[in-house]
Amino acid sequence: MNPLVLWFHKLGSPPYFYRFGGRWIPWLYALALVAGAAGFYGALFTAPADYQQGDSFRIMYVHVPCAWMGLFAYAFMAANGFVGLVWHIKLSETMAMASAPIGAAFTFITLVTGSLWGKPTWGTWWTWDARLTSELVLLFLYFGVIGLYHAIEDRRQAARAAAFLALVGIVNLPIVHYSVIWWNTLHQGQTVSLVGPSKIAPDMLWPLLVLAFATHVYFFASLLARTRVALLELESGKEWVRALLPAAETSHD
Amino acid sequence: MKPGTTSAACAALLRRDLLLVWRRRGDALNPLLFAIIVVALFPFALGPETTVLARIAAGTIFVAVLLAMLLSLDALFRSDLEDGSLEQLVLSPHPLALLLGCKVLVHWLTTALPLLVMAPLLAQLLALPAPVLPVLLAALALTTPLLSLIGAVCVALTVGMRRSGMLLTLLVLPLIVPALIFGAGACNAAQSGFAYSAPLLWLAAWLVLAVILAPLAAAAALKISLT
């Protein structure tokens with residue numbers, strides 16, 4: 001078998017993933033910290049103030065990466081949930097559920113920073129604008145997934161039900177998004193795009209991209225850490241966990 | 001209809017569920033009462049001026065109807081789960097999605113249809129302008145089956161939980177936001193004298209999608225919950 005494919009298959013095994021995660025987590029956290037520090041230095045010191053919004057535009061450097069991560073985490077959760085539902089892979093179910101609280105936190109930060117940014121620029125903490133509303137709906141979807149996951153006793157059944165809800169949500173998310181756009185719009189349009197030139201000065205752009213990278217790395221570090229703990233809980237009866245945690249087992253008896 | 005065929009099974013299920021609702025028709029009136037109470041509270045809170053009431057009438061009626069339906073959604077599968085007939089439905093050789101579709105149809109007939117019949121009365125209570133009433137009824141007729149269908153998927157996920165009421169609300173409400181936007185939006189457009197057919201057509205398109213997909217999704221969700 002192709003070594004890469006073999007490695008990927010091995011990664012699906014909880015004990016292997018546990019060791020793999022343990023090796024990578026410190027490096028990922030360190031990388032997120034360094035990239036985050038560099039990004040914030042650029043965001044707070046080297047980027048020029050906006051000609052219209054002054055210094056308040058710097059909130060963007062927290063707001064926008066977090067908004068991207070809120071959506072990314074949802075897509076990641078739904079993709080893993082799909083894999084878990086179709087191929088019954090325990091690790092995918094666990095990862096899907098581990099990414100839900102992280103995504104919810106990013107979405108929450110997006111809403112809070114958005115409202116802090118809205119006060120000086122629009123003159124109001126909250127407005128029923130299309131993007132704000134769909135972000136709020138996204139947060140409720142996250143809460144629904146997390147709530148459903150914690151309401152069911154059996155962990156694997158809970159993960160499957162919550163993953164299914166995440167998939168229903170992803171079908172619905174475009175409908176919500178376009179319906180609220182049709183409903184009302186005040187939020188500024190897209191300024192950064194992958195295809196074609198971005199409508200933002202390069203001095204202002206690079207810290208944003210570095211910070212987006214840092215939040216992605218942080219997401220994966222946090223995801224690995226959460227998944228490892230969830231796997232220990234899920235597999236607590238298995239041989240490899242007993243070998244790993246002999247002290248915990250004796251204290252239980 | 002030959003006994004044992006899928007259509008006979010659907011007919012039997014429809015007859016049984018309707019009969020069960022009829023035997024306990026007092027319970028079936030609860031959502032109606034709830035909607036009237038919610039609508040009646042608004043004039044007390046906002047004052048009786050008809051200009052104010054007329055402006056919020058359509059939206060208020062929409063929210064009241066959706067909440068009333070949500071209240072009854074919780075019990076969609078409960079009695080079937082308790083007496084074991086839900087497991088028999090899952091085990092039966094007929095397509096589960098079709099059988100669940102029948103149950104959703106009964107839910108709509110027994111909860112939403114009475115609310116629709118009562119909507120003109122609610123509109124009168126809130127002084128909704130008469131020309132808007134047909135738009136309100138059309139929007140409600142498209143929105144309520146959507147709620148029944150999407151709600152059934154969420155109920156199927158929470159089936160078997162002892163206290164699922166609050167969680168169910170949390171699951172359903174974000175999914176139903178577009179229906180509320182389009183439905184109430186059509187009424188507001190009609191009230192301001194604008195064209196209102198576009199949102200209604202969107203609702204209809206979404207309903208067609210939900211009629212096809214939601215029973216399948218509910219069947220898949222139910223199988224997850226009952227394993």
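**Exercise 1. Locate the bend in helix α7 of chain B and state what follows the bend in sequence.**

Solution. In this predicted model, α7(B) bends by about 40° at B:Met118, the bend at a residue being the angle between axes fitted to the seven residues ending there and the seven starting there. A proline, B:Pro120, follows within four residues. Next, take the extent: the helix covers residues 96–125, which is 30 residues. Helices (H or I, at least four residues) are DSSP runs, numbered from the N terminus. From first C-alpha to last, α7(B) reaches 42 Å, close to the 44 Å expected at 1.5 Å a residue; the expected span is 1.5 Å times one less than the number of residues. Just after the helix, B:Ala127 takes a positive phi of about 55°.

Residues are numbered from 1 along each chain as its sequence is written, and chains are lettered from A in the order in which they are written. Local features need pLDDT of at least 70, side-chain atom pairs count only at pLDDT 80 or more, and totals for chains, interfaces and linings use all residues.

**Exercise 2. Describe how α8(B) and α10(B) pack.**

Solution. Start with α10(B), residues 197–226, which reaches 42 Å between its end C-alphas, against an expected 44 Å. This helix bends by about 35° at B:Ala210. Then add α8(B), residues 133–158: the two pack at about 15°, with axes 7 Å apart. Axes are lines fitted to C-alpha atoms, for helices over the stretch in contact, and angles run from 0 to 180 degrees between N-to-C directions. The pair is therefore roughly parallel (under 35 degrees; over 145 is roughly antiparallel, 65 to 115 roughly perpendicular, the rest oblique). The residues of this contact divide into 23 nonpolar, 2 polar and no charged (nonpolar: Ala, Val, Leu, Ile, Met, Phe, Trp, Tyr, Cys and Pro; charged: Asp, Glu, Lys and Arg; polar: the others, Gly among them).

**Exercise 3. Classify the packing of α3(A) and α7(A).**

Solution. Helix α3 (residues 60–87) and helix α7 (residues 202–234) of chain A pack at about 40°, with their axes 9 Å apart. That angle makes α3(A) oblique to α7(A).

**Exercise 4. Where is confidence lowest and highest in chain A and in chain B?**

Solution. The score is pLDDT, the predictor's confidence in each residue, from 0 to 100. In chain A, the lowest helix is α9(A), residues 246–252, at a mean of 57, and the highest is α3(A), at 92. In chain B, α2(B), residues 25–28, is lowest at a mean of 84, while α8(B) is highest at 94.
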